[in-house]
Amino acid sequence: MFYLTTAIDYTNGSPHIGHAYEKVLADVITRYRRLRGDEAFFLTGVDQHGQKVQQTAEKEGVNPATFVKRTTKKFLNLWEKLDVKYDGWAETIDPRHKACVQAILTTLKDQGQLYKHAHSGHYSVRQEQFLSDRDRDESGEFGPEWGEVVELKEENWYFKLSDHTDWLKSYLEATADAIIPSFRKSELLNALERNSGTDLCISRPKERLRWGIEIPFDPDFVTYVWFDALINYISFAGYRAAPDADLPDFSSLWTTDERPVHIIGKDILVPAHGIYWLCMLHAMGFADAEMPRLLVHGWWNIRGEKMSKSLGNIVDPAELAEKFGVEALRYYLVRDIVTGKDSDFDVERLIMLYNTELANELGNLCNRALNMSQRFTEGVITRGGIFSDEDLALQTSLAESTEAYRTAMDEFDVSKGLEALSRHVVHCNQYAERMKPWELNKDPEKKDRLATVLQHLAESVAHCTVMLSPVLPEAAAKLAAQLNLPFLTELSLSDLHWGLLPEGHTIGKPKPVFPKIVLDEEKPEVK
Ligand code: MSP
């Protein structure tokens, strides 16, 4: 089983393009793995506790429970709109999650992994954490990234993180795919070098924060939001769940034959996932072979700057989907960023990539291939005569693109996978220009040649449809219907050999699937 999760999104605000990217990426990878013939389970959800939520709810004059219900709906609506299909939905206010967090806390305490201690020091309200001198900038101050910093003395519960950091270091060094892409691993190892020796404060006194999961053995405290949130990856996978909890069977999801993958943004690798989470799992008794892989993606920025409420440059994915279509947005989000690297969000590029790669190249190929087959051979696809060098070159291009697509997608590099597909589509259009089936049709002697050329084009469209289906499920379904390939969802990558459309196959009625995006200002004026 391939078990994939994303970060769970904070419910103190609205979803933006960064959230949308991560969920679309996970959706594409899950669909791809099913296409590969694997069983897959995709979990996503929302992070509903913590100080930020409590503060925003207070500001809006509602209780946190009502507030998170409202904001959670925004995420649910967006995933529905963007065709993000998950198998499990995590909400941290769910009583089943709470029971799991509390069970873990009790076990860790019984095992001597938790202790109570009074700490005084500087505390960042925004980041909900105590600061140390290492967090000061060159001028000795706590920088603006920490927001309001106050002096605080507090008794709290601590997790013996420092018991596990030597193990973590050796685990990371020994495990090639612990962190993907691998360049992020050195960042993590450096942070570990700086952090070792400190334990993790995992509680907050109720006077300061009420909105969280109560510490089961000390009711004056709630659980620190990260400790609570990270556990979602196992609680909603059925870890220590009651038999009637209606959750998956943990041992079939969390396997060692393929370790789980957590998709997260680069900002939450250190320390949350790379240090806290891996050490928490180790403390719970997870073996090295059971440790999840962390797939760390980069950020979408706006003209090189971080997206933020204060800069007023937040991009609303629902608005974009409304304006340009869901498929155009999905395509752009996974096409214009290399998994692991940052990218600049730019609507002009969204339009340009859609119009060139989908409307002009793929759309044109589909229209000409299907239309000419309808008009010249009544939609019947036959092998025709002997294959020419040009035909063989097209078959090689398809085989190479398919292989490149598969390798890239296996490595979670969707952009590279799509680029490989695009290369073949361009090759097909050039082939059509050179073979000129419209000329061949004029000569009854060349009927065989015409059939062969049309077969090569239709066969290519069929393969591209299958490979495109994880990214553009709706467009692929439409194309499959036109190709008369009703079993698209049952096809797997291993079916992609030459002859997918069998001899004598009849295609259906063609209809454009990728209408060009024309902005209002470009439309001709109606007089
Ligand atoms: N709630 C925590 C995660 C807990 S996981 C146990 C959180 N939430 S978040 O809403 O701030 O971010 C959710 C995900 O969106 C993170 O993986 C984060 O990296 C990602 N992104 C947030 N802004 C982003 C961009 N501008 N670009 C791409 N992804 C970004 O962190």
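How many bridges join strand 5 to strand 6, and in which sense do the two strands run? Three bridges join them, and the strands run antiparallel. The legends below describe close-up views of a predicted model.

**Figure 1. The open sheet of four strands, in the order 6-5-7-9.** The pairing throughout this sheet is antiparallel. Strand 6 (129-131) and strand 9 (200-201) occupy the edges; each has a single partner strand, so one side of each is left without a neighbour in the sheet. Strand 5 (residues 114-124) pairs with strand 7 (residues 149-159) over 11 bridges. Along this pair, His-119 stands opposite Glu-154 of strand 7, and Ser-124 stands opposite Val-149 of strand 7.

**Figure 2. The hairpin formed by strand 5 and strand 6.** Four residues lie between the two strands. Within the turn, Glu-128 has a positive phi of about 55°. Ser-124 has Gln-129 as its bridge partner in strand 6, while on strand 7 the residue opposite Ser-124 is Val-149.

**Figure 3. The largest nonpolar core and the surroundings of Phe-514.** This core has 100 residues, and Leu-82 and Phe-514 are those with the most contacts inside it. Helix 13 (residues 347-377) gives the most to the core, with 13 residues. Leaving aside neighbours within four places in sequence, Phe-514 is in contact with Tyr-354, Leu-358, Ala-359, Leu-362, Gly-363, Leu-468, Leu-472, Ala-475 and Leu-479. A second core, separate from this one, has 62 residues, among them Phe-41, Leu-192, Cys-279 and Met-280.

**Figure 4. The second largest pocket and its lining.** The space in this pocket is about 350 Å³. Its lining consists of 16 residues; Arg-31, Ser-469, Pro-473, Leu-488 and Thr-489 lie nearest the centre. Helix 1 (17-35) and helix 18 (473-483) are the elements that give two or more residues to the lining. By residue class, the lining divides into 10 nonpolar, two polar and four charged residues.

**Figure 5. Helix 12 (residues 326-335), a mostly covered helix.** Of the 10 residues in helix 12, 10 are buried. The buried residues include the charged Glu-327, Arg-330 and Arg-335. Also buried in this helix are Val-326, Ala-328, Leu-329, Tyr-331, Tyr-332, Leu-333 and Val-334.

**Figure 6. Two cis peptide bonds that precede proline.** One joins Ile-180 and Pro-181, with omega of about -10°. Pro-181 lies in the loop between strand 8 (179-180) and helix 6 (183-195). The other runs from Val-270 to Pro-271, with omega near 0°. Pro-271 lies in helix 10 (residues 269-283).

**Figure 7. Positive phi values at Asp-83 and Arg-240.** Asp-83, a residue other than glycine, has a phi near 60°. Asp-83 is placed in the loop between helix 3 (64-81) and strand 4 (88-91). Is Asp-83 buried or exposed? Its relative accessible area is 17%, so Asp-83 counts as buried, the cut-off being under 20%. Arg-240, likewise a residue other than glycine, has a phi near 50°. Arg-240 is found in the loop between helix 8 (232-235) and helix 9 (250-253). At 45% relative accessibility, Arg-240 counts as partly exposed.

Notes. Residues are numbered from 1 along each chain as its sequence is written. This is a predicted model: local features need pLDDT of at least 70, side-chain atom pairs count only at pLDDT 80 or more; totals for chains, interfaces and linings use all residues. Side-chain values use heavy atoms; hydrogens and water are left out. A nonpolar core is a set of buried Ala, Val, Leu, Ile, Met, Phe, Trp, Tyr and Cys residues joined through side-chain atoms within 4.5 Å. Buried means under 20% relative accessible area, exposed over 50%, partly exposed in between (1.4 Å probe, protein chains only). Contact means heavy atoms within 4.5 Å. On a 1 Å grid over the protein atoms alone, a cavity is a set of points where a 1.4 Å probe fits but cannot get out, and a pocket is an open set with protein on both sides within 12 Å along at least five of seven lines; lining residues have an atom within 4 Å of a point. Grid points are joined across faces, edges and corners, and a volume is the space filled by probe spheres set on the points. Two strands pair if DSSP finds at least two bridges between them.
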